[in-house]
Amino acid sequence: MISFSLEGQRALVTGANTGIGQAIAVGLAGAGAEVIAAGRSSCAETVAMTGGRELRLDFADPMAARDVFEAERIDILVNNAGIIRRADAVEFTEEDWDAVMDVNLKALFFTCQAFGRAALARGTGGRIVNIASLLSFQGGIRVPSYTAAKHGVAGITKLLANEWAGRGINVNAIAPGYIETNNTEALRADEARNRAILERIPAGRWGKADDIAGAAVFLASPAAAYVHGAILNVDGGWLAR
Ligand code: NAP
């Protein structure tokens, strides 16, 4: 029997208070995992949906998770927290560069490192699911630090898979397409951009946060035991076009 069950597994999801992170937390809990909803804001709503517990983690300090995985065994890490800053390349500020690189790439790598150190020391193995983007493959418009960071997420996912695949840790990523969350509010509010995006999505609709949850459950489950270094597009067909 192929198993998608996460019974007996403890999962930590970053940025779990809303959007894609919340949907993934609910999906993992539905598959049987005990979920730790990590956020800089209260995750009370998510905890009410998953029956798990919350942990305050603010990646304004990219090393914020350094001690989290020593304290208890955590089997599944979902690095979902992320921000975006938009401005023309000629106007783009150092502050907007550093803020996005810190949360989306530096914090992601050092959270993976802390998880990997603890899992390797315990010899228990583990699963990492990083949240990449279409902008791990494409250039995007007016989002230079986001594009650089998400290309970096794809690269770091493959690097870590190479180092840890033989040592019991699966490292993979999901590249969501255009999903209706806070992150894309400005795009949906811009009628022309919204129309242009919609017209290019083969599925003919924006994605919902729930559309991402199944891929996360799969990558965290025994069914994905031999999947390493993959970036799974969940994009309504966008990249196929
Ligand atoms: P969202 O609703 O804005 O969620 C972002 C999450 O990251 C929130 O929980 C946010 O917490 C958290 N976060 C931001 N800064 C943080 C920090 N310093 N420390 C800890 N947590 C922090 O957007 P989303 O669309 O669900 O984004 C989730 C992930 O998916 C991001 O990595 C994003 O890049 C990626 N993604 C989204 C799309 C899309 O179309 N929506 C597409 C591709 C990839 P607060 O609520 O407290 O700010």
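**The ligand and its pocket**

Visitor: What makes up the shell around the ligand, sorted into nonpolar, polar and charged residues?

Guide: In this predicted model, the residues of that shell divide into 13 nonpolar, 13 polar and three charged. The shell holds 29 residues, with Asn17, Arg40, Ser41, Tyr146 and Thr181 coming nearest to the ligand, and helix 1 (19-30) and helix 5 (144-164) each supply at least two of the shell residues.

Visitor: Why is the pair formed by Arg40 and the ligand called a polar contact?

Guide: A polar side-chain atom of Arg40 lies 2.6 Å from an oxygen atom of the ligand, and because a polar contact is a pair of N or O atoms within 3.5 Å, this pair counts as one.

Visitor: What makes the pairs at Lys150 and Gly177 polar contacts as well?

Guide: For Lys150, an N or O atom in the side chain is 3.0 Å from an oxygen atom of the ligand, whereas for Gly177 a backbone N or O atom lies 3.2 Å from a ligand oxygen. Both pairs fall within the 3.5 Å cut-off and therefore qualify. As for cover, the protein takes up 92% of the 890 Å² of accessible area that the ligand has on its own.

Visitor: Which pocket does the ligand take up, and which residues line that pocket?

Guide: The space taken by the ligand is the largest pocket, in which about 1,100 Å³ of space lies. Its lining consists of 49 residues, of which Gly82, Ile83, Ile84, Tyr146 and Asn183 lie nearest the centre.

Visitor: Which helix gives the largest share of that lining?

Guide: Helix 4 (94-122) does, with four residues, while strand 2 (34-39) and helix 7 (191-200) are among the other elements supplying at least two each.

Definitions and conventions. Residues numbered from 1 in each chain as written. Predicted model: local features only at pLDDT ≥ 70, side-chain atom pairs only at ≥ 80, totals over all residues. Heavy atoms only, no water. Near = heavy atom within 4 Å. Polar contact = N/O pair within 3.5 Å; in protein donor to acceptor, adjacent residues only side chain to side chain. Areas by Shrake-Rupley, 256 points an atom, 1.4 Å probe, with all protein chains shown as cover. 1 Å grid on protein atoms, 1.4 Å probe; cavity = no way out; pocket = protein on both sides within 12 Å on 5 of 7 lines; lining within 4 Å. Sits in = over half its atoms within 2 Å of the grid points. Nonpolar A, V, L, I, M, F, W, Y, C, P; charged D, E, K, R; others polar. Points joined across faces, edges and corners; volume = space filled by probe spheres on them.
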